[in-house]
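Visitor: I'd love a close look at one part of this protein, the annotated binding site and what surrounds it. Could you walk me through it?

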Amino acid sequence: MHRGPKRNVCRYYMASGHCQYGDQCQFLHVRTGHQPSNPHRKPPPGPMGLLPLDTTKKMDRPPFPAHSMNAHPQPIMPRKSTSAPVMRGPGPSSYSSLRQSHVKQYGMGSLQPPPPAKAAANKMRTNKLNTAPAQAQVDAGGTTYFYSHHQPPYTAYVQDPTHTARSRGKSTSQPTFFCSEGLKKELIQRQTGCQAVADETGGPSEVDSYHSLHPLEPVAQDLELRRLFGHTSTCYRATSSKDGLFYCLRRLHGVRLTTHKSVQQFDKWRKVEHSSLVSLREMFTTKAFGDNSVVFVYDYLPGAETLDSRHLQGGRHARALPESLLWDYIVQLAAAVRAVHTAGLALYTLDSTKILVTGSGSPRLFMNCAGIMDILTFDSTSTPVDPTLQQQQDLVGIGQLLVGVALQSPTATQPENFHQSLEYLTSHFSPDLHHIVQYCLRSGSEGPPHSIVEVLSMIGGRVYHCLEQAQLQRDWLEAELSKELENGRLFRLLAKLGTITERPEYDGDPQWAETGDRYLLKLFRDYLFHQVQPSGAPWVDLAHIVQSLNKLDSGVSENILLHSRDEQSVLIVSYSDLKSCIDQTFSQLTAVPFPDSNH
């Protein structure tokens with residue numbers, strides 16, 4: 001039988017020089033170094049999908065273009081300029097004009113900037129200055145496959161995720177190294193609340209195991225306006241001597257507990273934990289204020305304000321509250337009340353002055369002063385009261401609270417205005433919201449008792465909307481946090497560099513002469529911060545600073561050109577060498593103090 005022409009090479013013959021099939025083999029027997037008769041046939045893909053190196057073509061081009069000798073603009077003699085430097089954010093930076101001037105100055109030949117279409121490729125080649133990529137080889141089936149070990153990226157800065165940027169109403173998002181100003185302002189306000197110190201505390205500086213008391217309410221305010229459950233109340237921020245954390249101390253003036261068994265109620269409340277409930281941590285009696293006082297210790301929420309002060313106080317809100325925000329409040333209220341009712345307790349404090357709000361974009365609600373009423377009214381001699389009646393009053397409190405907050409009016413729940421307020425609620429809000437309000441207000445009336453579980457079922461799909469908003473808020477916060485992720489590491493590197501260079505106390509000390517490693521770091525400092533444009537104006541680019549610091553911290557093998565301010569010394573050094581210099585010099589600086597050369 002006639003066989004077609006043999007076009008494939010026998011791998012057995014190529015590997016060992018002989019084939020077990022002999023002349024009966026259907027493949028070509030060609031020794032290594034000879035080419036098969038079919039030049040158009042492509043070799044089979046090797047391991048990891050790589051193709052073998054084509055040795056038939058001459059590598060007559062250098063691995064990198066000539067302009068890769070200068071990856072970044074090099075420092076020039078600083079000149080005076082009347083124009084103030086402008087700090088630019090990260091982004092694509094053009095170094096072609098500066099690089100051209102340096103090449104001409106040091107005789108490196110002509111240099112043309114790469115075309116825009118090849119900018120990304122040239123940038124990658126430039127980052128590998130004067131370094132050949134490490135190669136590895138794999139032998140498979142008599143064929144050698146070559147591939148490169150790619151270095152991990154030394155920067156981890158990316159733009160915001162697409163869904164996060166668009167959820168904030170932005171079609172595009174400019175990269176930045178810092179979180180948004182709104183979030184920063186809110187966090188700074190919370191930190192300021194923790195650090196505030198009052199000139200007059202109106203009480204002792206230390207109570208029990210808490211010190212540094214700071215009043216959270218105006219000291220000059222009339223005490224009659226601070227009544228809570230029929231008792232005068234004062235609120236303080238204090239620091240615990242046990243764990244160093246901030247807590248809120250709620251003091252009730254002139255109150256004496258009738259029985260020590262009220263601690264049983266305190267133990268029940270201490271076990272209740274919920275994200276929308278200010279947890280009760282401790283309770284004690286004291287005479288440090290000059291009378292018999294009971295102090296309740298709660299978690300401290302810096303920057304929090306009451307629901308009354310945000311939406312009702314002063315009657316300055318002319319329009320009704322947006323229904324989407326009102327549904328967020330309803331979901332958080334119902335969830336917190338459900339957690340308390342499930343534990344067999346009641347809140348008693350569903351009032352706008354006892355509910356705290358934090359945040360502005362996605363506000364959080366917190367039920368405050370929980371457990372005080374149960375502890376004050378506890379009577380161990382009487383028959384335990386069924387909590388169902390108190391829980392019905394909680395539902396009525398929810399209904400009245402929603403009417404007042406929806407209309408943003410402190411008089412909306414007054415008896416003479418309540419009917420008109422319900423009519424306004426019916427005409428301007430959805431039937432679902434009106435149905436929930438009516439269900440809560442009818443609690444405690446004749447008929448079967450109402451339950452917070454039924455309220456949750458009426459909310460229905462609104463819960464999923466709130467969950468979606470919470471997840472978007474979480475994604476946005478993670479994106480904001482990622483912007484500041486590397487800033488601490490770069491600051492630590494800058495702190496090392498700043499402590500090494502320009503130390504006047506070691507002037508003239510032979511052990512700390514600015515030569516060798518310290519001289520390189522001094523030149524690198526100029527390369528990092530003291531760049532100038534060809535016109536002599538300062539060239540300030542935050543992207544250049546951040547990229548160079550990242551390369552230094554990673555110790556990459558890329559070379560850069562450094563020279564002195566008088567341009568008499570020119571050095572080519574790698575980031576890896578600079579990293580070794582800064583590590584060794586900083587270790588010398590912090591290990592043993594240098595002797596004073598003046599003595």
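Guide: Happily; here is a tour that starts at the annotated site and moves outward through its surroundings. We are looking at a predicted model, in which local features need pLDDT of at least 70 and side-chain atom pairs count only at pLDDT 80 or more, while totals for chains, interfaces and linings use all residues. Residues are numbered from 1 along each chain as its sequence is written, and side-chain values use heavy atoms, with hydrogens and water left out.

The UniProt record, an unreviewed entry, lists Arg250, Thr353 and Lys354 under "binding site". UniProt positions follow the numbering used here, feature names are shortened, and annotations may be inferred rather than shown by experiment. These residues are spread over 105 residues of sequence, yet they cluster in space, with a largest C-alpha distance of 14.2 Å.

Let's begin with Arg250, which sits in strand 7. Strands here are DSSP runs (E, at least two residues), helices are likewise DSSP runs (H or I, at least four), and both are numbered from the N terminus. Arg250 counts as buried because its relative accessibility is 11%, where buried means under 20% relative accessible area, exposed over 50% and partly exposed in between (1.4 Å probe, protein chains only). Leaving aside neighbours within four places in sequence, the contacts of Arg250 include Glu217, Ser233, Thr234, Val294, Phe296, Tyr298 and Asn368; contact means heavy atoms within 4.5 Å.

Strand 7 (residues 246-252) is itself mostly covered, with six of its seven residues buried. It pairs with strand 6 (residues 231-240) in the antiparallel sense over seven bridges, and two strands pair if DSSP finds at least two bridges between them. Thr239 stands opposite Phe246 of strand 7. The hairpin of strand 6 and strand 7 has five residues between the strands, and Gly244 there takes a positive phi near 75 degrees. Strand 7 also pairs with strand 9 (residues 293-299), antiparallel over six bridges; here Leu252 has Val294 as its bridge partner.

Now to Thr353. One residue in contact with it is Asp308, which lies in helix 7 (residues 307-312). Asp308 is buried, because its relative accessible area is 16%. Gln313 and Ser352 are also in contact with Asp308.

Lys354 brings us to Met367, which is in contact with Lys354 and also with residues including Ser276, Leu333, Leu347 and Ile355. Met367 is one of four residues, with Phe296, Leu326 and Leu347, that touch the most other members of the largest nonpolar core, a set of 64 residues. Such a core consists of buried Ala, Val, Leu, Ile, Met, Phe, Trp, Tyr and Cys residues joined through side-chain atoms within 4.5 Å. Helix 8 (residues 323-342) gives this core its largest share, 11 residues.

Finally, there is an open sheet of three strands, in the order 10-11-12 with antiparallel pairing. Its edge strands, each pairing on one side only, are strand 10 (305-306) and strand 12 (364-367). Strand 10 pairs with strand 11 (residues 355-358) over two bridges, and Glu305 has Val357 of strand 11 as its bridge partner. Helix 8 packs on this sheet, touching strand 11 and strand 12, and its direction makes about 30 degrees with that of strand 12; axes are lines fitted to C-alpha atoms, for helices over the stretch in contact, and angles run from 0 to 180 degrees between N-to-C directions.
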